[in-house]
Amino acid sequence: HALENYAMGRAKRAIEALADLTPRTAHVRRGEEVVEVPVEEVEVGDTVVVRPNERLPADGFVVVGATSINQAPVTGESMPVDKQPVSDAAAARARPAQIPSSSIVFAGTINGAGAIEIETTRKSTDPTLAKVVRMVSEAETQKSPTQRFTDRFERIFVPVVLGLAFILLFAWVVVDEPFRDSFYRAMAVLVAASPCALAIATPSAVLSGVARAARGGVLIKGGAPLELLGSLDAIAFDKTGTLTKGEPRIHQVVTAPGVSREDMMAVAVAVESLSDHPLAQAIARDGRDHIGERQVPQAESLKSLTG
């Protein structure tokens with residue numbers, strides 16, 4: 001049981017470590033100046049400046065700038081998500097529930113290459129990330145039906161066996177035999193009816209399963225979900241990165257009639273090399289495998305239409 005609780009504790013600590021993702025300071029706009037303040041001093045309604053590749057200090061919505069944000073720490077999405085400023089900040093402030101997801105940002109996520117300004121909607125002490133951590137921490141480890149049965153059974157069985165063995169130690173008082181024979185009989189009963197195997201079997205199996213899953217990066221909350229896995233016919237995964245590498249790749253190239261793949265990809269690589277969007281970086285990286293001996297032309301005057 002101690003080993004089982006230790007394994008569960010390690011898994012829980014891995015989740016709680018997410019709380020350390022929030023930065024310690026934030027760049028807040030005060031009038032015409034941008035000042036660096038401790039993240040605890042950021043209030044609801046403050047305008048926070050987030051520079052490229054910085055972690056966001058608080059939940060809020062984008063008011064200035066466009067970027068792509070890595071939201072994997074909060075939502076599990078492996079692909080960066082494009083973010084646009086809200087069209088009307090006053091309306092967003094009045095009705096935060098109606099803010100489009102393309103403008104909402106979360107504390108602890110990682111900004112891409114664009115500088116943005118966000119208006120905070122929650123204090124730094126209560127971001128979405130903290131709620132996720134708190135829910136996982138407070139969720140009780142669920143025992144499987146087998147574990148619950150053995151727990152109930154051993155609460156009765158163990159004292160009965162120990163009591164019987166203790167009584168048999170004094171059989172020499174009633175039966176005419178030496179104490180040595182009574183002692184050996186009591187030990188034989190204790191060994192034959194030993195409750196150790198019953199008490200240890202299920203927790204050790206659960207521990208083995210949870211530890212093996214943890215090595216593969218899967219968090220299992222106790223024996224109940226583990227035991228239910230044996231009866232599943234289908235599993236639905238809601239995030240692409242759960243089953244894939246979680247980074248975009250070129251899968252197929254289709255050209256228009258009369259255009260060669262090499263020519264088209266050479267132009268695509270030239271243009272996309274100027275952009276820092278995750279999809280553009282994938283095309284620039286993988287596209288060179290499709291251009292053969294062609295030279296990549298020079299592109300200029302890039303205008304990015306983020307959508």
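A nonpolar core here is a set of buried Ala, Val, Leu, Ile, Met, Phe, Trp, Tyr and Cys residues joined through side-chain atoms within 4.5 Å. With that in hand, here's a quick tour of this structure, which is a predicted model. The largest nonpolar core has 12 residues, helix 5 has a kink of about 35°, and there are six aromatic pairs to look at.

**The core**

- The 12 residues of the largest nonpolar core are Ala26, Val28, Val37, Val42, Val48, Val50, Leu56, Val62, Ile69, Val105, Ile116 and Ile118.
- Three elements each give two or more residues to this core: strand 1 (25-30), strand 3 (47-50) and strand 9 (116-120).
- If you click on Ala26 and skip its neighbours within four places in sequence, you'll find it in contact with Val35, Glu36, Val37, Val42, Val48 and Pro57.
- Of those contacts, Val37, Val42 and Val48 are listed for Ala26 and also belong to the largest core.

**A three-stranded sheet**

- Three strands make an open sheet in the order 6-5-8, and the pairing is antiparallel.
- Strand 6 (81-83) and strand 8 (110-111) sit at the edges with a single partner strand each, so each has one side without a neighbour in the sheet.
- Strand 5 (residues 67-70) runs antiparallel to strand 6, and the two pair over three bridges.
- To find your place in that pairing, look for Thr67, which stands opposite Lys83 in strand 6.

**Helix 5**

- Helix 5 covers residues 145-168, and its 24 residues should span 34 Å at 1.5 Å a residue. The C-alpha atoms at its ends are 34 Å apart, so the expected span and the model agree.
- The helix also has a kink of about 35°, centred on Glu154.
- Glu154 is one of the buried residues of helix 5, along with Gln147, Thr150, Asp151, Val161, Ala165 and Leu168.

**Aromatic residues**

- The structure holds six aromatic pairs. One of them is Phe153 with Phe157, a stacked pair at 5.3 Å centre to centre with 20° between the planes.
- Why are Phe153 and Phe157 separated by about one helical turn? They are four residues apart in helix 5.
- Phe153 counts as partly exposed because its relative accessibility is 37%, between the 20% limit for buried and the 50% limit for exposed.
- Phe157 is partly exposed too, with a relative accessible area of 25%.
- Further along the chain, Trp172, Phe179, Phe183 and Tyr184 form one aromatic cluster.

Conventions:
Residues are numbered from 1 along each chain as its sequence is written. This is a predicted model: local features need pLDDT of at least 70, side-chain atom pairs count only at pLDDT 80 or more; totals for chains, interfaces and linings use all residues. Side-chain values use heavy atoms; hydrogens and water are left out. The expected span of a helix is 1.5 Å times one less than its number of residues. The bend at a residue is the angle between axes fitted to the seven residues ending there and the seven starting there. Buried means under 20% relative accessible area, exposed over 50%, partly exposed in between (1.4 Å probe, protein chains only). Two strands pair if DSSP finds at least two bridges between them. Rings of Phe, Tyr and Trp (its six-membered ring) pair if their centres lie within 6.5 Å; planes under 30 degrees apart count as stacked, over 60 as edge-to-face and the rest as tilted. Contact means heavy atoms within 4.5 Å.
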